[in-house]
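Let's take a walk through this structure together. Have the 3D view open and turn it as you read.

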2 protein chains.
Amino acid sequence: MTRSSSSPLRKAGAKLGDATALKRRATINDIARLANVSKKTVSRVINQSPFVKEETRQRIGEIMQELGYVPDPQARGLAFRRSFLIGLIYDNPNAQMVVNMQQGVLDGLRGSGFELVVHPCNRLDKSFMQEVGAFIDRQKLYGVILLPPVSENDKLVELIEERGCRYVRIGSAVLDEPENIVISNDRLVTAEAARHLVDLGHTRIGFIAGPPGFRSRKEREAGFIEGLRARGVEVPAALRVDGAYTYESGVSAAQQLLSQNPRPTAIFASNDEMAAGVYHVARQMGLSIPKDLSVVGFDDTPVSRRLWPPLTTVRWPILEMGQAAAEKLLRASNAVAPTNGGEARPFPAHFVVRDSTAPPL
Amino acid sequence: MTRSSSSPLRKAGAKLGDATALKRRATINDIARLANVSKKTVSRVINQSPFVKEETRQRIGEIMQELGYVPDPQARGLAFRRSFLIGLIYDNPNAQMVVNMQQGVLDGLRGSGFELVVHPCNRLDKSFMQEVGAFIDRQKLYGVILLPPVSENDKLVELIEERGCRYVRIGSAVLDEPENIVISNDRLVTAEAARHLVDLGHTRIGFIAGPPGFRSRKEREAGFIEGLRARGVEVPAALRVDGAYTYESGVSAAQQLLSQNPRPTAIFASNDEMAAGVYHVARQMGLSIPKDLSVVGFDDTPVSRRLWPPLTTVRWPILEMGQAAAEKLLRASNAVAPTNGGEARPFPAHFVVRDSTAPPL
DNA sequence: CTGAAAGCGCTTACAG
DNA sequence: CTGAAAGCGCTTACAG
């Protein structure tokens, strides 16, 4: 509790040499005074303006360093009419995926001076759009990162753009300009998973889709069908069931699939949570995985290794995608060196074979 | 993209009746002008000062409503020298617990105008304290919420207080003033779990502790020992193993415990992740749960129901605790009605019996 | 109960 | 390449 009164501080500030003894945080005025320049010039250094003599920049930089000066984001924000906050907007049924993504985004933001404000929302709520808009306005967000399925909502994106807010969408397919999207190759890798099952000898294969409205549902379904077709296998309508990317929905989908006669000998679930539901039902029915039933998931969330036997699944490079999204957002801000900004090369997901798949009996 | 030039806006603003047609966000000046008062009076209304005539307050309130006026948090923050941001500071090995807590905190913050900035950190890093301090200073945080084990670091809390930053600690024991802590009754409920095992007939019981340095480790260990003693059972040192609250640490602890002869017939793991590790080892050794081995976890994270058989565990009221922490933080801010602010009544954790416990063979 | 002045720490628009 | 003035949208300290 070393809160001194302000007058001694003023005095300390007045004696230039003592400025490092300031008890309060240094401001742009302190730096300007010590460097014998106007605050505007200091401002130019802060904002990396090219119109500052190199020597002046040097001198100012050193003084900043010495005082540990960091510009006040709040004051900058007020003057810029834009904050230094990034919003993470999501409505995702899979908690693990949200944390991982969040972690990746934070990695990408580290050291940039931007902070991450988390904003879960309910995309089915009738005031959803308005609520997100109010959030952006109120905080004058610098930018937002949209997780699927919210990232697939074109109307929402329109509303974000109208507000002059930058954004990056994370998704399973190219649904925007390269600088605004980070994608994975769901389709390709799901096809690989499908071929894996056929190559093991499966032909009666169940498919649990993601919920309608998710682009990833579409991509994974298309990839899966493609992969099977490449091996001459079809999935009859009876073996295609909708899920909701939740454990519970995996349970009921599996019940539907496994009650059929003849039973499928393998099931592909469009994410790990639903695959966990399949495990549950298999156990209840006394089916052994992978002897009686092969199971493949998608995401490689931690649960995939907690299950027994460990789940064959697809590893989404979630951390990397989150990080890339953050970097894309910052690219325009000078906060980060502009590397390969404009690309939208998909991040490769990898098929991970573990112990839940084997030849059918 | 309806960005008009500024002069027409000015004109619209000048004609009082047209003010609702403002294309930019309304400011305190707009409200003051329309209400025929000074901005200071509007400010008093915003800050709920009692020194405003009721009629004046009414009139100003209506105008605010009509224009959809929301004070700019950035400008308020600059003037207040304190932002309207809450930091969530954590270094927790359990992702699921972090998300849940985050969700609870956001529930508690909803509608308050405060936003949540997430800040994972590494408590073992040598610049950890300094880094957190810089974060608080830079963002002039209104307050922070500390998750275990970071919440148990008294030196960190001291540093936070020095900065005039409010805080709430979430923990397993009373380690601060009631207004600064939200706790659960780990000790009591762990004792209950212990008695449950003895009552089933177990006497050779393994215990996997949390990592040294976590207060919850201590509480759960003490509770467990107490519970067993209440039934006249002791845990020999050989059956007490340290874990790290991670799946991997659960695996190695279980290997250590289950390789002993005679084997324990039951294992209590101090969290679900480690219990999942126990399941893994049991499977590998061909032990059936609960026939050959009873297992109890702690946390009731989603994985506890994904495991087979579903895990007997302790449900931590994480959402509720997160929400309570947020409300405690806001209480001093007038943003929320002051209910039972000063208490530190522990949030009751509940023992949940599922299918991983049974009498020993 | 209300207001005029100054200030929070920065940037923009303009001038040189 | 540099600076003086005005302003971002709010609050504090003071006065009445």
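What follows starts with one chain as a whole, moves on to the contact between chains and to the DNA, and ends with some individual helices and residues.

Keep in mind from the start that this is a predicted model. Begin with chain A, which is built from 14 helices and eleven strands. Its radius of gyration comes to 27 Å, well over the 21 Å that the globule rule gives for 361 residues, so chain A is more spread out than a compact globule. You can see that in the C-alpha trace too, which spans about 90 × 40 × 40 Å along the principal axes of chain A. Of the 361 residues in chain A, 47% are buried. As for the contacts in chain A with a separation of 6 or more, 71% of them link residues 24 or more positions apart.

Now bring in the partner. Here 35 residues of chain B are in contact with 35 residues of chain A. On the chain B side, the elements that each supply at least two residues are α5, α6 (95-109), β2 (115-120), α7 (128-139), α12 and α13 (303-306). Which of them gives the most to the side of chain B that touches chain A? That would be α6(B), with seven residues. Sorted by class, the side of chain B that touches chain A has 19 nonpolar, eight polar and eight charged residues.

Next, the DNA. Strand C is surrounded by 24 residues, and the closest are A:Ile28, A:Ser43, A:Ala75, A:Ala79 and B:Ser38. Two or more residues of the surface near DNA strand C come from each of α3 (39-46) and α5 (73-80) of chain A, and likewise from α3 (39-46) and α5 (73-80) of chain B. The element that gives the most there is α5(A), with five residues. By class, the surface near DNA strand C divides into twelve nonpolar, six polar and six charged residues.

Then turn to DNA strand D. There are 24 residues around it, and A:Ser38, B:Ile28, B:Ser43, B:Ala75 and B:Ala79 come nearest. The surface near DNA strand D draws at least two residues from each of α3 and α5 of chain A, and from each of α3 and α5 of chain B. Here the largest share, five residues, comes from α5(B). The residues of the surface near DNA strand D split into twelve nonpolar, six polar and six charged.

A:Ile28 is worth a second look, as it also turns up in helix α2 (residues 28-35) of chain A, where A:Ile28, A:Asp30, A:Ile31, A:Leu34 and A:Ala35 are buried. Those residues cover an arc of only 160° around the axis, which puts them on the same side of α2(A). Just after α2(A), A:Asn36 takes a positive phi of about 60°.

Further along chain A sits helix α9 (residues 186-200). At 1.5 Å a residue, its 15 residues should span 21 Å, and its end C-alpha atoms are indeed 21 Å apart. Buried in α9(A) are A:Asp186, A:Arg187, A:Val189, A:Thr190, A:Ala191, A:Ala193, A:Ala194 and A:Leu197. What covers them includes β6 (205-209), α10, β8 (266-269), β9 (294-296), β10 (313-315) and β11 (350-352) of chain A. Just after α9(A), A:Gly201 has a positive phi of about 115°.

In helix α10 (residues 215-229) of chain A you'll find A:Arg215. With 19 other C-beta atoms within 10 Å, A:Arg215 is partly exposed. Leaving aside residues up to four places away in sequence, A:Arg215 touches A:Pro148, A:Glu152, A:Gly171, A:Ser172, A:Ala173 and A:Leu175. A:Arg215 and A:Pro149 are 66 residues apart in sequence, while their C-alpha atoms are 7.2 Å apart in space.

Last stop: helix α11 (residues 247-258) of chain B. Its buried residues are B:Tyr247, B:Ser249, B:Gly250, B:Ala253, B:Ala254, B:Leu257 and B:Leu258. They cover an arc of only 150° around the axis, which puts them on the same side of α11(B). Which elements do the buried residues of α11(B) pack against? They pack against α13 (303-306) of chain A, together with β6 (205-209), β7 (240-242), β8 (266-269) and α12 (272-284) of chain B.

Key
Residues are numbered from 1 along each chain as its sequence is written. Chains are lettered from A and ligands numbered from 1 in the order in which they are written. This is a predicted model: local features need pLDDT of at least 70, side-chain atom pairs count only at pLDDT 80 or more; totals for chains, interfaces and linings use all residues. A residue is near a molecule or strand if its C-beta atom, placed from the backbone, lies within 6 Å of it. Helices (H or I, at least four residues) and strands (E, at least two) are DSSP runs, numbered from the N terminus. Ala, Val, Leu, Ile, Met, Phe, Trp, Tyr, Cys and Pro count as nonpolar, Asp, Glu, Lys and Arg as charged, and the others, Gly among them, as polar. A residue is buried if 20 or more other C-beta atoms lie within 10 Å of its own, exposed if 12 or fewer, and partly exposed in between; C-beta atoms are placed from the backbone. The arc is that of the directions from the helix axis to the C-beta atoms. Two residues are in contact if their C-beta atoms, placed from the backbone, lie within 7 Å. The radius of gyration is taken over C-alpha atoms; the globule rule is 2.2 Å times the number of residues to the power 0.38. The expected span of a helix is 1.5 Å times one less than its number of residues.
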